[in-house]
Amino acid sequence: MAGPQDMLALLQALLSHDNEARTQAEQTYENVPGPEKMVCLIHAVRNMDAPVEQRALAAVLLRRLFTTNFDTLWPHIDAEMQKAVKQELMTAVHQETAPAVRKKVCDAFAELSRNMIDENNDMQWQEALKFLFECASSENPMLKENALHILSAVPGIFGNQQAQYVEVIKQMLGAALSDRTHPQVCFEAVKATTAFLVNNDKEVALLNHFKELLPFLIQGITDSVVAQEDDSALKCLIELSENVPKFLRSHLENVFDLCLKVVSDANLEDTWRQLALEVIVTMSETAPAMVRKFAKFIPLLVHQVLALMVDLEDEDDWSLQDVEDDEDTESNPIAGEAALDRLACSLGGKTMLPPIVSNISQMLQHDDWKYRYAGLMAVSACGEGCHSHMEQMLNNIVDAVLPFASDPHPRVRYAACNALGQLCTDFGPNCQKKFHNKIVPALLGILDDEANPRVQAHGAAALVNFSEECPKHILVQYLDPIVMKLEQVLTNKFKEHMEKGNKLVLEQVITTLASVADTAQDRFLQYYDRFMPCLKYIMENVQNPAHRLLRGKTIECISLMGLAVGKEKFMQDCNQVMQLLLKTQTDQDDLADDDPQITYMISAWARMCKILGKDFQQYLPLVMGPVLKAASLKPEVALVDSEDMKEMENSSDWQFVTLGDQQNFGICTSGLEEKATACQMLVCYARELKEGFAAYSEDVVKIMVPLLKFYFNDSVRIAATESLPYLLECAKIRGEEYVATMWGTYICPNLLKAIEIEPEQSVLPEYLASFAKCIETLGKGCLNDQDMGSVVTLLDNLLKQHFVRLVQRQEKRKDEDYDDIVEESLMDEDEEDAYVLSKIADVLHSFFGTHKESFLPVFEQIMPYFVKLLLPDRPWSDRQWALCVWDDVIEHTGPVSFKYKEFFLEQMVASITDKTAEVRQAAGYGIGMIGQHGGELYADVCAECIPRLVSVIEHEEAKSVENAPATDNAISAVVKICQFNSSKVNVEEILARLVSWLPILSDAEEAEHVYSYFCDLLDKNHPGIMGQNAANLPKVVAIIGETLHRELVPEDTPLYQRLLNVVKQVQTNQDAFQVCISQLTEQQRLALSEALTEAK
């Protein structure tokens, strides 16, 4: 490039409407060396004779140069040029008057300033700060605006000198916010103040110091609303609500008054009304307890939200359309519905439900269909957030919604379907258990609405919601009418599809059929042949690209039906289905990356793998390509400033996270769901095929391990970690050395690092569970000393965090906004922490199970935590999981554990009778382990524990659902003491009571121990078990009948056969057998009858 004139020509070409000329200009621009580009752009900005459009573009390109190329550009130009660039920019900011150029020049100045702050937070361009203050104190309002705009863009511009300037900054912002003579100065001050406060959101003292500015800030935002020129000031209120909500507390009434006034003003543009609503919704999410303190505003807020939901348009052909239109996310009804959902979730049912119910009751009686529709959609929106309070009145809610399934207006019927479906999802399976006899007939009636396809399709969709959470035994009661209706609709709509190409209802009814089959499982067998021919026909013959979704849903339905009925039945169609799938697979090149068939096909292959088992291995070479491709998808990411983000954020495919100081990280979310599905399918293949998947284990490990740090999507990370133990199992066929290398050099260090840095408390337990399974898979010696040291450090940090988080929650309980709903969220955090602790216990369990007493020196390094967790003042979940760890110590180290008795034994014995069932269960199991593995050293302890255990077993509530697991473990503990450690126990006295304690109700593991001993005693005709003159025989048969009914002993075990033989022995005396049978419950009798019949 020859010089500045050439740059002007290039800028003109970049602005060209001719695509070819513009593309060529972009290539030319990219080839200009950085320093030359910078100098020419500054000349273009400063050339007052150049057209405004060219100068504005030059300023934009200059900013982007500083944003994306600074590190490779600035250090390579000499100090003189650097000084000149800075000076020219300051001059441009000072002299530019064209509005289109001025702000863009300020943006470039701001970006250069940002880059002048070094890694020590030292500002290297002191002249910029001096210049900023000079502009801010100028009499020229444009210069004030410029200074404030720059501060908005780089609120951290003062670097580590901020503290010495803080009073000056406050005065500068205060003066500008108070400037009612120049509204634009005030509006820029609102933005600058907001940016500065958000940038200092953790500096409590600074925020308190700046609270004096709040009235002026709110007044400035109010003035901007009145002016109706620029909504950015109102957006500032959203930013404050999101980042520093408590800063607004002292003037919250003013904020609510302003926002509700804007929301209620139908004369304003919808975007303004929705932004005002977003302020309150965001604040409700970030500071719910504070908002609840201002309860008087909630009824007004709910009324306005519902008013937005009523703002619907009449569309005569709405219900006739063959497509579900993408909802207009910017419309008032959708914005209102989303706001109601978020408000309910954040503020809770106690606050939100009363005003919602009182409004909805009136809306449902309204003559205008729009009110009835909005009322029903409101029911759908608030179920998740108001769950516990709505559950208490679910009967009334269902009865209120049901009549509208036959409302004269189709859109109201649609909303009724929506509400019923959402109730089934939010309150399933209880909703299905209680109201199936009302909901199913209503939805089947909707399926007859042939005249309104959108309503008919939504009825079928609601049936999916019903069946997904419905217990199998309830759904099978309705299988005949449901299947008959689905068959009728499928037949009619398939015919309609062939004639007219209509597809909406057909797609949905196929999805509904798949869901029903999935829940019904083997009970769907009798209906299978009525649907499979039609589904195969669709799969084979529907090839129109417009019907890709229909084909995808059909593929899903076929695979789910096959999984439901099992391999034996499905084999009649399996070959043809596999060939059709393979044909689609081989035509993969013709499918676009966003073709919905790909995701459906990936999932279908995994189901085929489950159906066929080892027989699926032959298809792996054909199916792995697309799965690996989807799992390897790398999302498009971008680091952009706020200006560029504004251009991109209208795309639904992009999501942004603000990193601070106006920098934003964006990710293109398109394809992430498909990636997660593919990763889950790889888990399925590894789990089902085991060594049959060995050939792919290395490739899949190389994909999965990096995904442990794929923070864009939780499901991807969870699938990645879940796959690792299965992949190690697969690889075992390739030899120990291969597995050891894969684990030691690649999987283990990366998994440990991922556990260390995992940001989500909900994902962390999955990582720990995976690590525990890996240890169990590989066994003793799988970790070297360095890795074992890393494990200790990791567990130490996690346990420290556990204690710290509890203290933090106690502090939150002292907060001025603490209330019962805050307590609910804190209890949720308690549960999260308890779940993480349970997985830490699983990790230790895996080590003790594989390493036995050789693990004790490692355990001793973190043992103090498990002593502290046992203390009586700890939460019950802490004591439960600490006991589980000590249970493992006893079980796997036997008598050696006695040397630690001072750390756990007293608490374990005391916990046998703890008020919490979970603690009693863990203690009971531990005492059982002492009896079985502790040896003579623990004989006195065993004797001491018997009375405590008996008191638990013989408590009047011992057999309740909540207490049964603890009771089962107490019975088992007594049995183990009698069997293995009875030197100081009166066994005969105990055995005389054993029959009265049985049956075991829930714990299959303890059932095996107890009933094995029980059968040993029966084999010896032990009088304590048989009773005098075999008086206990009916009770013995009832115990076995109940055990078979509860399926606690697997059929393919010797113990099952021993129990059955006892009954057969009784059966040889028919009189005695009939007496026993007559005393059984119907369930016990049926279980025994089926078992005896199958045994013949």
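**Is Glu 188 buried or exposed?** With a relative accessibility of just 1%, Glu 188 counts as buried, because anything under 20% falls in that class. Keep in mind as you look around that this is a predicted model.

**View 1. Glu 188 and Lys 103 meet in a salt bridge.** Zoom in on these two side chains and you'll find N and O 2.9 Å apart. Glu 188 sits in helix 11, which covers residues 183–199, while Lys 103 belongs to helix 7, residues 99–115. The two parts are 85 residues apart in sequence, so this pair ties them together. What about the lysine's surroundings? Lys 103 has a relative accessibility of 31%, so Lys 103 counts as partly exposed. This is one of the 58 salt bridges that the structure holds.

**View 2. Glu 253 pairs up with Lys 296.** Here the closest N and O atoms of the salt bridge are 3.3 Å apart. Glu 253 is part of helix 15 (residues 252–264), and Lys 296 is in the loop between helix 17 (288–292) and helix 18 (298–310). That makes it a link between distant parts of the chain, 43 residues apart. Glu 253 counts as partly exposed, at 34% relative accessibility. Lys 296 reaches 56%, and because exposed means over 50%, Lys 296 lands in the exposed class.

**View 3. Lys 567 and Asp 615 form another salt bridge.** Look for the closest N and O atoms, which are 2.7 Å apart. Lys 567 lies in helix 32 (residues 567–586), whereas Asp 615 is found in the loop between helix 33 (596–612) and helix 34 (620–631). Those parts are 48 residues apart in sequence, so the pair ties them together. Both partners get the label partly exposed: Lys 567 at 33% relative accessibility, and Asp 615 with a relative accessible area of 39%.

**View 4. Six residues join into one salt-bridge network.** This view shows Lys 246, Arg 249 and Lys 293 together with Asp 815, Glu 816 and Asp 817. What joins them is that their salt bridges share partners.

**View 5. Ser 224 is tucked into helix 13.** That helix runs over residues 214–227. Ser 224 has 1% relative accessibility, so Ser 224 counts as buried. Which residues touch Ser 224, if you skip its neighbours within four places in sequence? Phe 187, Glu 229, Asp 230, Ala 233, Leu 234 and Trp 272 are in contact with it.

**View 6. Residues 397–435 carry a record from UniProt.** An unreviewed UniProt entry places the feature "repeat: HEAT" at this span. In the model, the span is 74% helix and 0% strand. Its end C-alpha atoms lie 11 Å apart.

**View 7. Zoom back out to the protein that holds these close-ups.** There are 56 helices and 3 strands to spot. The C-alpha trace spans about 115 × 75 × 65 Å along its principal axes. Of the 1096 residues, 56% are buried. Take contacts between residues at least 6 apart in sequence, and 72% of them join residues at least 24 apart. About 47,900 Å² is exposed, with carbon and sulfur atoms supplying 49% of that area. As for charge, there are 96 positive and 164 negative ones, and their mean positions are 3 Å apart.

Notes. Residues numbered from 1 in each chain as written. Predicted model: local features only at pLDDT ≥ 70, side-chain atom pairs only at ≥ 80, totals over all residues. Heavy atoms only, no water. Salt bridge = Lys/Arg side-chain N within 4 Å of Asp/Glu carboxyl O. Helix = DSSP H or I, 4+ residues; strand = E, 2+ residues; numbered from the N terminus. Buried < 20%, exposed > 50% of the residue type's maximum accessible area, 1.4 Å probe, protein only. Contact = heavy atoms within 4.5 Å. Areas by Shrake-Rupley, 256 points an atom, 1.4 Å probe, with all protein chains shown as cover. Lys, Arg positive; Asp, Glu negative; His and termini not counted. Charge placed at Lys NZ, Arg CZ, Asp CG, Glu CD. UniProt positions renumbered as here; feature names shortened; annotations may be inferred.
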